[in-house]
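Reader: Hello! I have a new structure open on my screen and would be glad of a guided close look at a single part of it. Could you pick one element, walk me through its surroundings, and then link it to the rest?

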Amino acid sequence: MINLEKGQRIEIGLQKVGVGLGWDPNEGTGFDFDLDASAFMLGENKKLPQDEYFVFYNNKLSPDKAVEAGDDDTTGGNSDGGDDETIMVDLTKVDPKIQEIVFCVTIHKFEERRQNFGQVRNSYIRIYNAQTNEEIAKYDLDEDFSVETAVEFGRLYRRNGEWKFEAMGIGYKGGLQYFVDKYVG
């Protein structure tokens, strides 16, 4: 496994990549933890060429069919120790106008429920080779982002015809709307 540090970049040389998000259900009192993975497919101007290139629980497939979100897990109970939500990427299908794909994780209704990643047990986001399941990078959200509610995990980007991955690991106190505002033209 390649353990990437923030800001580190690698050439991945892969066609199919998966992003996995996992966490344990809330066993205490209060609301369930509803973490969401999303992908923003950006053009050269670092904006979505059209809204449908924002892939998340309400838009599960990009127009070029390159990025697909799995089922929305609203509690963390989909798996026991494995990925609860996934996003699959087929880099051979990505529209030529897309220059990068940014992956984010957010907590649904974090303000109303007064939640942050520090409260969510065993929460992580990872990127892996979808053909071999070999992990490329992983962040433990509850440790690395204890007070944050949104994280830009990493990005796949084109450079000279090759896809590379950069581990971003930037935490924010905001939700999905923060990233929508940032990436919608």
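Author: Happy to help; what follows is a walk through strand 10, its partners and then some other parts of this predicted model.

Let us begin with strand 10 itself. The strand covers residues 150–159. Eight of its 10 residues are buried, so strand 10 is largely enclosed by the rest of the structure. Two strands that pair with it are worth following in turn: strand 7 and strand 11.

Take strand 11 to start with. This strand runs over residues 162–172 and pairs with strand 10 in the antiparallel sense, over nine bridges. The two strands make a hairpin, with two residues between them. In that turn sits N160, with a positive phi of about 50°. You may like to look up N160 when you check backbone torsions.

Now go along the hairpin to V151, which belongs to strand 10. Opposite V151, in strand 11, stands G171. These two residues are 20 apart in sequence, and their C-alpha atoms are 4.3 Å apart in space. Is V151 buried or exposed? V151 has a relative accessibility of 0%, and it counts as buried because the cut-off for that class is under 20%. Its contacts beyond four places in sequence give a picture of what surrounds it: V151 touches F103, C104, V105, F117, L141, F145, I170, G171 and F179. G171, the residue opposite V151 in strand 11, is thus also on the list of contacts.

On to strand 7, which spans residues 100–107. Strand 7 and strand 10 pair in the antiparallel sense over seven bridges. Within this pairing, F103 stands opposite G154 of strand 10. F103 has come up already, as one of the contacts of V151.

Strand 7 also holds E100, a residue that a chemist may want to inspect. E100 is buried, with a relative accessible area of 5%. Its side chain has a polar contact of 3.0 Å with the side chain of R155, and R155 falls within the residue range of strand 10. Leaving out residues up to four places away in sequence, E100 is in contact with F40, M41, L42, K46, R155, L156, Y157 and W163.

For a contrast, look at E44, in the loop between strand 3 and strand 4. E44 is exposed, at 72% relative accessible area. Outside its sequence neighbours up to four places away, E44 touches K97 and Q99. The C-alpha atoms of E44 and I98 are separated by 7.3 Å, with their positions 54 residues apart along the chain.

Next, a different set of strands. An open sheet of five strands has the order 5-6-2-8-9, and its pairing is antiparallel. Strand 5 (67–69) and strand 9 (135–140) are at the edges; each has a single partner strand, so one side of each is left without a neighbour in the sheet. On average, neighbouring strands of this sheet are turned by 10° against each other, with direction ignored. Inside that order, strand 2 (residues 16–22) and strand 8 (residues 124–129) pair over six bridges in the antiparallel sense. V19 has I127 of strand 8 as its bridge partner.

The loop between strand 2 and strand 3 contains D24. D24 is buried, at 17% relative accessible area. A polar contact of 2.4 Å links its side chain to that of N122. Not counting residues up to four places away in sequence, D24 touches F33, T75, V120, R121 and N122.

Finally, a word on internal space. The structure holds one cavity of 30 Å³ or more, and the largest cavity has a volume of about 70 Å³. Its lining includes D36, A37, F56, Y57, E85, T86 and I87. Strand 3 (35–42) and strand 6 (85–90) each supply at least two of the lining residues. Strand 6 gives the most, with three residues.

To come back to where we started: strand 10 pairs with strand 7 over seven bridges and with strand 11 over nine, and eight of its 10 residues are buried.

Technical notes. Residues are numbered from 1 along each chain as its sequence is written. This is a predicted model: local features need pLDDT of at least 70, side-chain atom pairs count only at pLDDT 80 or more; totals for chains, interfaces and linings use all residues. Side-chain values use heavy atoms; hydrogens and water are left out. Two strands pair if DSSP finds at least two bridges between them. Helices (H or I, at least four residues) and strands (E, at least two) are DSSP runs, numbered from the N terminus. Axes are lines fitted to C-alpha atoms, for helices over the stretch in contact, and angles run from 0 to 180 degrees between N-to-C directions. Buried means under 20% relative accessible area, exposed over 50%, partly exposed in between (1.4 Å probe, protein chains only). A polar contact is a pair of N or O atoms within 3.5 Å; within protein, one must be able to donate a hydrogen and the other to accept it, and residues adjacent in sequence count only if both atoms are side-chain atoms. Contact means heavy atoms within 4.5 Å. On a 1 Å grid over the protein atoms alone, a cavity is a set of points where a 1.4 Å probe fits but cannot get out, and a pocket is an open set with protein on both sides within 12 Å along at least five of seven lines; lining residues have an atom within 4 Å of a point. Grid points are joined across faces, edges and corners, and a volume is the space filled by probe spheres set on the points.
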